[in-house]
Amino acid sequence: MRPPATESFLQRVRQHLQALPATERQLADFVLEFPGELASYAGNELAQLAKVSPSTVSRFIRRLGYENYEEARRQVREDKQSGSPLFQSATEAFQRGQMLATHRERSLANLINTLDQLSEPQLSEIVQAIIAARQVLIFGSRSSHAFAQYLRWQIIQVVPQVISLPGPGETLAEYTASLNKNDCVIIFGMRRQTRQMAALLATASKAGAAVLLVSDQASPHYAAATWSIQCDCHGSGLLDNHVAVMAVCDLLATMVLEAAGAPGRKRLAAIEQQHEQHQEF
């Protein structure tokens, strides 16, 4: 019986692992360590890499429930879109010792591709919504958590009510229960997010809050968001490159600090005065 279509390639391999003959187990161990290689090589090439015969590859693929090698390759390509570093192939740049130059070019390309899609009117709308909001809630889990914390840290200097959520021991519901149209919600949603993100998007939109979604080009588009910025995060190695995300954070923070006007300057001056009084630096 063929495995359910929802099972990933790695799930299929792990289910059969203990019962595999020795040569197929050798192949399974190889693809579990480098699953992305299946999408990059033909069957005979994979056999050479794993040091097994082409017939072993064929038997192994059929045992997993695939009609043929190409069907397995298609699923691996789909699984790669999940963003798992396991599915990213080793780069030629690393093998040639040219990672620095490659990373530089990739970072510059990501910056240009991301910033070119933005417009001054769109950014001004976002900034004004942040400044005028009753409260600004910023969410990000996993790798996105750092971006949420960074943006909050920057704009809280001129915007009093900026909250990173959820805090330790807290739930989203403790914040979303009181959301309304006077609030602004900023969500960082790089791929492989938790279910909390979708729940927050739906709740914030239903409450009428202004919603900014900062994601990457591999993440799904949410039409309900008021504004959506999709950053180019293609990496030169196993990990996504988030240079463009940090650039967007810096751009928004700079614009908020500039647009906050006299009230923002007054708050900033009060903070600096408190720093001096408390001798915090």
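Biologist: Where does Lys51 lie?
Modeller: In this predicted model, Lys51 lies in the loop between α4 and α5, the latter covering residues 54-63.

Biologist: Is that residue buried or exposed?
Modeller: Lys51 counts as exposed, because its relative accessibility is 68%.

Biologist: What about its phi?
Modeller: Lys51 is not a glycine, yet its phi is positive, at about 60 degrees. Most residues other than glycine have a negative phi.

Biologist: And which loop holds Arg142?
Modeller: Arg142 is in the loop between β1 (136-140) and α10 (144-155). Arg142 also has a positive phi, of about 55 degrees, although it is not a glycine.

Biologist: Back to α4. At what angle does that helix pack with α2?
Modeller: Helix α2, residues 22-33, and helix α4, residues 43-50, pack at about 95 degrees, and their axes are 10 Å apart. Therefore α2 is roughly perpendicular to α4.

Biologist: Which residues meet there?
Modeller: From α2 there are Gln26, Leu27, Phe30 and Val31; from α4 there are Leu46, Leu49 and Ala50.

Biologist: How many of those are nonpolar, polar or charged?
Modeller: The contact of α2 with α4 has six nonpolar residues, one polar residue and no charged ones.

Biologist: New topic. Where is Ser107?
Modeller: Ser107 sits in helix α8, which covers residues 99-115. Ser107 counts as buried because its relative accessibility is 10%, and the cut-off for buried is under 20%.

Biologist: What does Ser107 contact, leaving aside neighbours within four places in sequence?
Modeller: Asn241 and Val243. With Asn241 there is a polar contact between the two side chains, at 2.9 Å.

Biologist: Thr114 next. Which helix is that in?
Modeller: Thr114 is found in helix α8. At 0% relative accessibility, Thr114 counts as buried.

Biologist: Which residues does Thr114 touch, not counting those up to four places away in sequence?
Modeller: Thr114 touches Cys231, Asp232, Ala244 and Val248.

Biologist: How far apart are Thr114 and Asp232 along the chain, and how far apart are their C-alpha atoms?
Modeller: They are 118 residues apart along the chain, while their C-alpha atoms are separated by 5.6 Å. In addition, the side chain of Thr114 reaches the backbone nitrogen of Asp232 at 2.8 Å.

Biologist: You mentioned a cysteine. How many disulfides does a search of the whole structure find?
Modeller: Zero.

Biologist: Why is there no bond between Cys233 and its closest cysteine sulfur?
Modeller: The closest cysteine sulfur belongs to Cys231 and is 5.4 Å from the sulfur of Cys233, so the two are too far apart for a bond. The cut-off for a disulfide is sulfur atoms within 2.5 Å. Cys233 counts as buried, at 6% relative accessibility.

Biologist: And what is the closest cysteine sulfur to Cys184?
Modeller: That sulfur is in Cys249, 13 Å from the sulfur of Cys184, which is too far for a bond. Cys184 is buried as well, with a relative accessible area of 1%.

Biologist: Last one. Which residues does the cis peptide bond join?
Modeller: A cis peptide bond joins Leu165 and Pro166, with omega at about -10 degrees. Most peptide bonds are trans.

Biologist: Where is Pro166 placed?
Modeller: Pro166 is in the loop between β2 (162-165) and α11 (173-176).

How values were computed. Residues are numbered from 1 along each chain as its sequence is written. This is a predicted model: local features need pLDDT of at least 70, side-chain atom pairs count only at pLDDT 80 or more; totals for chains, interfaces and linings use all residues. Side-chain values use heavy atoms; hydrogens and water are left out. Axes are lines fitted to C-alpha atoms, for helices over the stretch in contact, and angles run from 0 to 180 degrees between N-to-C directions. Helices (H or I, at least four residues) and strands (E, at least two) are DSSP runs, numbered from the N terminus. Angles under 35 degrees count as roughly parallel, over 145 as roughly antiparallel, 65 to 115 as roughly perpendicular and the rest as oblique. Contact means heavy atoms within 4.5 Å. Ala, Val, Leu, Ile, Met, Phe, Trp, Tyr, Cys and Pro count as nonpolar, Asp, Glu, Lys and Arg as charged, and the others, Gly among them, as polar. Buried means under 20% relative accessible area, exposed over 50%, partly exposed in between (1.4 Å probe, protein chains only). A polar contact is a pair of N or O atoms within 3.5 Å; within protein, one must be able to donate a hydrogen and the other to accept it, and residues adjacent in sequence count only if both atoms are side-chain atoms.
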